[in-house]
Amino acid sequence: MRKLHQTGLALALLVLALDQATKWIVLRELDPYTPVAVTPFFNLVLVWNRGVSFGMFAEAGDHGPWLLTALAAAIGAFLLVWLYRETRPVPRLALWLVLAGAVGNSIDRLRLGAVVDFLDFHAFGYHWPAFNVADSAICIGAGLILLDSLVLSQSKTKLGRGKS
């Protein structure tokens with residue numbers, strides 16, 4: 001179990017370092033809202049997200065970054081309790097990913113007043129909202145938690161029933 005804690009913490013620190021390093025490079029190299037085409041379906045673009053996912057709650061004003069950071073801290077505390085109680089490896093690693101992403105975006109809000117987003121995928125004239133490494137970690141972590149709860153846990157339950 002201790003090795004799993006260390007692995008999860010190492011993963012979270014790696015994600016956090018990658019998130020902050022990529023944002024630093026983007027801030028240094030890109031002009032705001034000027035896309036750099038990488039492939040026919042992917043651009044790099046510097047976008048300031050003053051809200052949360054997909055720009056929701058962006059109208060929160062000057063107090064927005066502090067309110068969103070406080071909300072992230074409350075959710076983070078809940079996730080830490082869950083992490084402490086969780087014994088299964090997939091949910092534990094998923095929780096570490098979500099926590100790392102939340103910390104990465106909170107650092108932006110406190111330091112810069114908004115989250116730096118820069119990954120812009122698009123197809124057929126439609127753009128997915130720009131996102132970053134922290135957002136990716138949150139989505140992957142949430143997806144793993146869903147996968148575990150819907151598929152992995154149910155398959156273990158079915159396997160457990162067959163042993164009786």
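In which sense do β2 and β3 pair, and over how many bridges? They pair in the antiparallel sense, over six bridges. The model is predicted, so local features need pLDDT of at least 70 and side-chain atom pairs count only at pLDDT 80 or more, while totals for chains, interfaces and linings use all residues. Residues are numbered from 1 along each chain as its sequence is written, and side-chain values use heavy atoms, with hydrogens and water left out.

**Stop 1: the strands**

Select β1 (residues 36–39) and β2 (residues 42–49), an antiparallel pair joined by three bridges. Strands are DSSP runs of E of at least two residues, helices are runs of H or I of at least four, and both are numbered from the N terminus. Two strands count as paired if DSSP finds at least two bridges between them. The connection from β1 to β2 is a hairpin through two residues. Show Thr-39 and its bridge partner in β2, Phe-42. Then show Val-36, which has Leu-44 of β2 opposite it. For the pairing of β2 with β3, pick Asn-43, which stands opposite Asp-120 in β3.

**Stop 2: aromatic rings**

Next, colour the rings. A pair of aromatic rings is described by the distance of the centres and the angle of the planes. Rings of Phe, Tyr and Trp (its six-membered ring) pair if their centres lie within 6.5 Å; planes under 30 degrees apart are stacked, over 60 edge-to-face, and the rest tilted. The structure holds four aromatic pairs. One of them is Phe-78 with Trp-82, whose centres are 6.1 Å apart and whose planes meet at 55°, so this pair is tilted. Both residues sit in helix α2 (residues 64–85), four residues apart, about one turn of the helix. Phe-78 is exposed, at 54% relative accessible area, and Trp-82 is partly exposed, at 30%. Here buried means under 20% relative accessible area, exposed over 50%, and partly exposed in between (1.4 Å probe, protein chains only).

Now move to Phe-121 and Phe-131, a stacked pair with 5.9 Å centre to centre and 15° between the planes. Phe-121 belongs to strand β3 (residues 115–123) and Phe-131 to the loop between β4 (126–127) and α4, so the pair ties together parts that are ten residues apart in sequence. Phe-121 is partly exposed, with 34% relative accessibility, whereas Phe-131 is buried, with 18%. Add Phe-41 and Phe-42 to the selection: ring pairs link them with Phe-121 and Phe-131 into a cluster.

**Stop 3: Leu-112**

Select Leu-112 in helix α3 (residues 89–112). What does Leu-112 contact, leaving aside neighbours within four places in sequence? The residues are Leu-27, Trp-48 and Ile-107, where contact means heavy atoms within 4.5 Å. Along the chain, Trp-48 is 64 residues from Leu-112, and their C-alpha atoms are separated by 9.4 Å. Leu-112 is partly exposed, with a relative accessible area of 29%.

**Stop 4: Leu-147**

Finish on helix α4 (residues 133–162), which contains Leu-147. This leucine, Leu-147, is partly exposed, at 39% relative accessible area.
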